[in-house]
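Student: I'm new to this one. Could you take me through a close look at how the helices and strands pack together?

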There are 2 protein chains.
Amino acid sequence: MAHRMRAIEDGSITSTPGFRAAGIAAGIKPKGAPDLAFVHAARPCAAAAVFTTNLFQAAPVVYDRGLLQRNPAGLRGVVINSGCANACTGEQGMRDAEATAAAAAQQTGGSAHDYMVMSTGVIGQLLPMDKVRSGVAAAALALEDTVEAGHRAARAIMTTDTVPKEAAVYVETDAGGFTIAGMAKGAGMISPNMATLLVVLTTDARIAPGPAQQALAAAVGVSLNMITIDGDMSTNDTALLLANGMAEMPEITTADAPQYGAFLDGLTQVTVALAKGLVRDGEGATRFVEIRITEAASFSEARQVGMAVANSSLVKTAIYGQDANWGRIVCAVGYAGVPLDPNAVRVWVGDLELVRDAGPYQVDEERAAEILAQSDIPIRIALGRGSAEATVWTSDLSHAYVDINAHYRT
Amino acid sequence: MAHRMRAIEDGSITSTPGFRAAGIAAGIKPKGAPDLAFVHAARPCAAAAVFTTNLFQAAPVVYDRGLLQRNPAGLRGVVINSGCANACTGEQGMRDAEATAAAAAQQTGGSAHDYMVMSTGVIGQLLPMDKVRSGVAAAALALEDTVEAGHRAARAIMTTDTVPKEAAVYVETDAGGFTIAGMAKGAGMISPNMATLLVVLTTDARIAPGPAQQALAAAVGVSLNMITIDGDMSTNDTALLLANGMAEMPEITTADAPQYGAFLDGLTQVTVALAKGLVRDGEGATRFVEIRITEAASFSEARQVGMAVANSSLVKTAIYGQDANWGRIVCAVGYAGVPLDPNAVRVWVGDLELVRDAGPYQVDEERAAEILAQSDIPIRIALGRGSAEATVWTSDLSHAYVDINAHYRT
């Protein structure tokens with residue numbers, strides 16, 4: 001079915017009708033910064049979520065996984081705190097996750113099983129539950145459906161992030177329109193497979209849990225799972241989609257439904273925008289690097305090569321130093337684990353084809369310097385093996401990254 | 001067979017009888033620093049070598065691989081240049097590698113097929129062959145069997161290394177004694193599977209190419225392949241063993257020979273010493289980190305977990321910042337890809353057992369600060385799965401690493 005999409009300028013999680021949000025300072029962070037967000041739906045929501053694949057799963061991840069199985073069509077909202085990850089906290093951590101959800105239910109109705117929880121921050125410390133409980137109460141009172149309230153929620157989930165990450169889109173189909181909006185946090189520990197990302201997506205589209213989960217997995221596969229800042233993967237990553245079904249449209253009950261494609265397109269646009277925003281705000285990032293791998297035999301091998309290049313500390317420091325050191329790119333391609341023919345590989349930085357036939361080709365240091373002085377660096381690597389492709393986004397590795405991570409706790 | 005080993009103080013590649021060496025400035029590096037080494041054997045040598053697994057193999061690697069197959073028992077020496085890697089240089093690079101070997105033969109006898117070549121430095125630039133040829137001639141004239149000549153060779157192969165890496169051991173058996181000596185370079189692009197390492201090992205032991213290759217592979221497997229500085233793997237790595245057979249002893253013709261165990265012990269001691277030296281001199285390193293993984297189901301999974309922790313930028317920056325952020329260690333263990341039970345994992349930093357039952361255990365910030373203030377940081381991680389173990393060595397990630405790599409070429 002034909003559809004049109006329109007990005008919503010200055011959108012937030014509450015750009016979607018039927019959602020309220022709040023972001024407040026609960027005192028979990030030491031210096032009074034906002035640290036607790038609450039997103040609340042006017043009606044029970046179909047939910048979908050993807051979680052970290054780290055074997056050490058934080059208490060909120062374990063709690064939310066269970067909830068998604070038990071109650072995929074009746075969720076009312078989510079409480080998110082920053083400043084403490086509630087990870088590696090054992091049984092007490094599980095009790096605290098549930099108590100946080102119960103506090104939300106006490107304030108806004110329903111039971112603890114109607115609310116998800118997310119946490120981000122230092123690993124191995126217990127949540128200060130007195131502060132969390134009073135924070136949830138304060139946030140419940142502050143819930144608003146204004147765009148500004150959504151912005152406040154996006155600020156409250158930040159840790160080392162320097163700017164909030166938000167995106168929203170309106171999708172119009174012949175059978176009715178709907179909104180998809182999202183917010184995300186994450187600046188370090190960002191890597192393949194959902195690494196220290198917290199993402200909340202809201203929509204008023206009418207969609208059942210099954211196709212919602214399918215669309216979320218597909219959208220995350222080409223957005224949040226295609227970024228890497230430092231190759232680390234966290235214990236807490238969660239991307240949650242809440243669909244309150246309030247839009248006037250036929251329900252999407254399966255992935256074969258006419259509106260499913262439109263929904264997936266809209267969700268992908270929002271998650272790609274959030275993913276790029278995460279990379280732009282990567283810890284210490286001075287450059288935004290888009291690595292497009294073409295002529296691959298499969299998407300998965302394209303991604304594998306892209307990630308090897310994106311995770312190379314030597315490539316990342318060269319970009320920080322504005323050094324067109326294509327040898328380091330070639331080097332990472334060569335150890336990515338894909339059985340390619342070195343002579344068939346070509347490498348472009350911007351419009352310069354630097355490498356062909358396993359040697360330098362259009363090496364023009366002056367033009368290379370111009371390209372590397374820009375804030376966005378496009379790199380393309382053709383593997384000469386097929387027609388699949390993938391795009392990976394990353395940032396450079398700077399002095400500021402080291403600063404931030406050498407002294408995160410202290 | 002019983003044997004005794006004695007480390008040779010202040011040893012060098014020429015501590016082994018029957019080897020001469022030189023290190024000179026050939027003008028390949030811009031500022032007149034030593035950049036060409038020559039190691040020459042008094043008699044034809046049995047040779048063994050291991051090479052990078054990167055698909056982009058530098059010309060000298062391709063050349064040496066061929067040589068090792070054709071002439072494993074008649075090598076006379078090796079020429080090593082720093083300043084230019086002769087990698088991604090196509091057919092001309094191959095001709096230059098052979099011409100370098102031919103220049104050595106012209107000076108000291110034999111043919112081009114009797115000399116190996118190694119290069120390290122910037123990728124994608126052709127060797128300045130006039131300088132290489134006159135450099136080889138000057139080095140041939142400077143060949144000496146003094147320990148100091150070996151030291152000069154070790155200095156001439158350095159790139160961003162700040163100190164030469166050398167080790168030597170004398171092994172005494174009831175059937176005769178022999179020496180094993182080595183030098184290594186490598187400070188960045190150091191990772192599993194021989195990353196930008198150049199290693200030359202000399203011995204006067206009588207050993208055939210077969211058992212020599214077997215011993216070298218085994219020794220490298222627990223030494224040079226157990227270190228990582230930045231997770232990158234280069235196009236040029238080579239470890240070469242030259243055995244001139246001049247010691248009074250029965251020949252080691254197979255791995256079942258009585259002296260094989262003594263030889264392997266000696267070779268392992270030298271390669272472990274060189275490996276640790278490489279990590280201590282890692283680019284920007286301020287800490288030497290030993291990560292011992294115990295209670296694993298196999299050596300290979302122990303190494304896999306050790307490498308995940310050692311390659312984590314977040315663990316490395318935390319150590320640089322003297323921050324006992326054990327959550328980052330646990331996190332890396334969790335994404336290492338080994339199907340472990342999180343609750344069975346225990347983590348020690350020094351004598352503090354920080355993690356047990358997936359939560360904090362002996363967390364003593366004061367004692368942790370003392371341990372992290374030391375230059376050597378021992379980390380132990382018990383997986384609770386078996387009785388295999390592995391030890392990995394790495395450095396921290398500092399501001400200086402970024403400095404060095406952002407401006408390597410410029």
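Tutor: Sure, and keep in mind that this is a predicted model. Let's start in chain A, where helix α1 (residues 59-70) packs against helix α2 (residues 90-108) with the axes 8 Å apart and an angle of about 60°. Because of that angle, α1(A) counts as oblique to α2(A). As for handedness, α1(A) and α2(A) cross in a right-handed way. If you want to find the contact, look on α1(A) for A:Ala59, A:Pro60, A:Val62 and A:Tyr63, and on α2(A) for A:Gly93, A:Met94, A:Asp96, A:Ala97 and A:Glu98. Sorted by character, the residues where α1(A) meets α2(A) are six nonpolar, one polar and two charged.

Now hop over to chain B for the sheet. Seven strands make up an open sheet there, in the order β9-β16-β11-β15-β12-β13-β14, and the pairing is mixed. At the edges sit β9 (227-228) and β14 (359-360) of chain B, each pairing on one side only. Inside that order, zoom in on β11 (residues 288-296) and β15 (residues 376-382) of chain B: these two pair in the parallel sense, over seven bridges. Along β11(B)'s partner β15(B), you'll find B:Ile381 standing opposite B:Ile293.

Helices pack on this sheet too. Helix α7 (residues 299-310) of chain B lies across β9, β11, β15 and β16 (388-395) of chain B, and α7 runs at about 25° to β16(B). Helix α10 (residues 365-373) of chain B also packs on the sheet, touching β12 (346-349), β13 (352-356) and β15 of chain B. The direction of α10 makes about 115° with that of β13(B).

Conventions. Residues numbered from 1 in each chain as written. Chains lettered and ligands numbered in written order. Predicted model: local features only at pLDDT ≥ 70, side-chain atom pairs only at ≥ 80, totals over all residues. Axes fitted to C-alpha atoms, helices over the stretch in contact; angles between N-to-C directions. Helix = DSSP H or I, 4+ residues; strand = E, 2+ residues; numbered from the N terminus. Parallel < 35°, antiparallel > 145°, perpendicular 65-115°, else oblique. Left-handed = near helix turned anticlockwise from the far one by under 90°. Contact = placed C-beta atoms within 7 Å. Nonpolar A, V, L, I, M, F, W, Y, C, P; charged D, E, K, R; others polar. Pairing = 2+ DSSP bridges.
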